[in-house]
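Here is a quick tour for anyone meeting this structure for the first time. Have a look at the picture, then read on.

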Amino acid sequence: MSKPNPPAPEPGLPSTPSAAWIVGRLALVLVAVGGLGARLYWQPAAKAPAPAPVASTVAAPAPPVVVVAPPAKKPRVKPGPLVGPPRPVYLEPDKAKIAAAEALLDAVTRERAMAEARAVDTETDLVRATNRARQAERTFLARGDRTAELQERLTLASQRGGFLKSERDQIKSELATLANIPRPKGKTLIAKNPVSLPVDTTEVHFELRRDRIAHLDLDRLIDLVKADAKLRLRLHGSPKPINSVVGPVGPFALRYQMGPDMDTSINSMLENRGVTFLLQGWEVVPEGDVRGETYPTTRHPASGYARVISRHSPEAAVITMWVYPDSFQLYRTLRDELQAHGFMVAARPLPEGLAIRGSPSGSVSAGQ
């Protein structure tokens, strides 16, 4: 809104603004400050009475008067309470629902923990199952090798069983023959001296240890060695050394070693003959620590010692005794008895802890 300019002073009048102009300016100021939206009404100024003549020769017209209407009064409204943002509504918590939600959360947490534990257990079981499967595979492969070994042992056992059966039949026939032969009369040795002679007859072996005497059936063990070596040579078919154990026969088994004869193997190969195998050595393996019979037990005719002695005659057999240091007195007693019956007795002393051994290069027993 443009501001009204003050009326220019008429010539011949003082330059002081008129009262009407001052009132108009005051009204405009009030409207601008109060912001009350006062409306200005411009009306033509009422014709005022003619002023008194001024000492002037020319009468000037009076300036228009601006009348400002006062602003309309608004009705007074009683101020009410201040209206702000809505206040939050406080709801009473539902304790039952909260408890149910907490119980549900606990149940879900427990189920999750149980599921994680089951997952760990399942992974552990999987690892164990994998290890068991690998172990089963190794066991299966080992059993395959074990089956072949058992089959070989079964064949050896069958072969040995046939050999023992034939030997049993032979012993029965020999016993029947010996039963019909009259027992020779024993003769007393006239001169007992330490002179000994090499033995070239059948040897009957006994072990004397801890004042006990045990029969060592070395002939039967050697026969088992022959049968076992033949079977192993047929199975392997290669001229490699053989190390094996046969028996037991009574309280003793026999560990032996057999190898090719290197002196004749080249000539045999040139002549397209088989390689000759020789027994390189053997060692007696006892089956138990307590073995054999005491001296009072040997006095009975049904004892093992008495039955072995009764199967041999003094003319065809020599008694070889392997004597340990704790049984020399027993040896002397048995030697005197056997010599009284006409037997030749050979002694082989052994230190304690040394096994009974033999080899082709060993010495022949010498009997008295």
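At what angle do helix 2 and helix 3 pack, and how far apart are their axes? The angle is about 140°, and the axes sit 10 Å apart. Keep in mind that this is a predicted model.

## The chain as a whole

Let's step back for a moment. The chain has 368 residues, and 20% of them count as buried. Its secondary structure adds up to 7 helices and 10 strands.

Contacts across the sequence are worth a look too. Take the contacts in the chain with a separation of 6 or more: 70% of them are between residues 24 or more positions apart.

## Two helices that cross

Back to the pair we began with. Helix 2 covers residues 95–180, and helix 3 covers residues 218–236. With an angle of about 140° between them, helix 2 counts as oblique to helix 3. Angles over 145 degrees would count as roughly antiparallel, so this pair, at about 140°, stays in the oblique class. Their crossing is right-handed.

Which residues of helix 2 meet helix 3? On the helix 2 side they are Glu152, Thr155, Leu156, Gln159, Arg160, Phe163, Leu164 and Glu167. Across from them, helix 3 brings Arg220, Asp223, Leu224, Asp228, Leu231, Arg232, Arg234, Leu235 and His236. Sorted by class, this contact is made of 6 nonpolar, 3 polar and 8 charged residues.

## Charged pairs at the crossing

Side chains of opposite charge can pair when their charged atoms come close. In this chain the count of salt bridges comes to 13.

One of them links the two helices we just met: the side chains of Arg232 and Glu152 form a salt bridge, at 3.4 Å from N to O. Because Arg232 belongs to helix 3 and Glu152 to helix 2, this pair ties together parts that are 80 residues apart in sequence. Glu152 is partly exposed, at a relative accessible area of 23%.

Arg232 has another partner as well. Its side chain meets that of Asp228 in a salt bridge, with 3.0 Å from N to O. Here both residues lie in helix 3, 4 residues apart, which is about one turn of the helix. Are Asp228 and Arg232 buried or exposed? Both are buried.

## A link between strands, and a network

Now for a pair away from the helices. Arg357 and Glu283 form a salt bridge, and their closest N and O atoms are 3.5 Å apart. Arg357 sits in strand 9 (residues 357–358) and Glu283 in strand 6 (residues 277–286), so this salt bridge ties together parts that are 74 residues apart in sequence. Both ends are partly exposed: Arg357 has a relative accessibility of 49%, and Glu283 has a relative accessible area of 23%.

There is also a group to look for. Arg209, Arg210, Asp289 and Glu352 are joined into one network by salt bridges that share partners.

## Some unusual backbone spots

Arg210, one of the network's members, has something else to show. Its phi is positive, about 55°, although Arg210 is not a glycine. You'll find Arg210 in the loop between strand 2 (202–209) and strand 3 (212–216). Arg210 is partly exposed, with a relative accessible area of 44%.

Asp211 lies in the loop between strand 2 and strand 3 as well. Asp211 also has a positive phi of about 55° without being a glycine. Its relative accessibility is 44%, so Asp211 counts as partly exposed.

Which two residues does a cis peptide bond join? They are Gly247 and Pro248, and omega there is about 10°. Pro248 belongs to strand 4, which covers residues 242–249.

## From Arg220 to strand 4

Last stop: Arg220, a residue of helix 3. Arg220 is partly exposed, with a relative accessible area of 27%. Leaving aside residues up to four places away in sequence, Arg220 touches Leu164, Glu167 and Val249. Leu164 and Glu167 are among the helix 2 residues that meet helix 3.

How far apart in space are Arg220 and Pro248? From C-alpha to C-alpha the distance is 9.9 Å, while in sequence Arg220 and Pro248 are 28 residues apart.

How values were computed
Residues are numbered from 1 along each chain as its sequence is written. Side-chain values use heavy atoms; hydrogens and water are left out. Axes are lines fitted to C-alpha atoms, for helices over the stretch in contact, and angles run from 0 to 180 degrees between N-to-C directions. Angles under 35 degrees count as roughly parallel, over 145 as roughly antiparallel, 65 to 115 as roughly perpendicular and the rest as oblique. A crossing is left-handed if the near helix is turned anticlockwise from the far one by less than a right angle, and right-handed if clockwise. Contact means heavy atoms within 4.5 Å. Ala, Val, Leu, Ile, Met, Phe, Trp, Tyr, Cys and Pro count as nonpolar, Asp, Glu, Lys and Arg as charged, and the others, Gly among them, as polar. Buried means under 20% relative accessible area, exposed over 50%, partly exposed in between (1.4 Å probe, protein chains only). A salt bridge is a side-chain nitrogen of Lys or Arg within 4 Å of a carboxyl oxygen of Asp or Glu.
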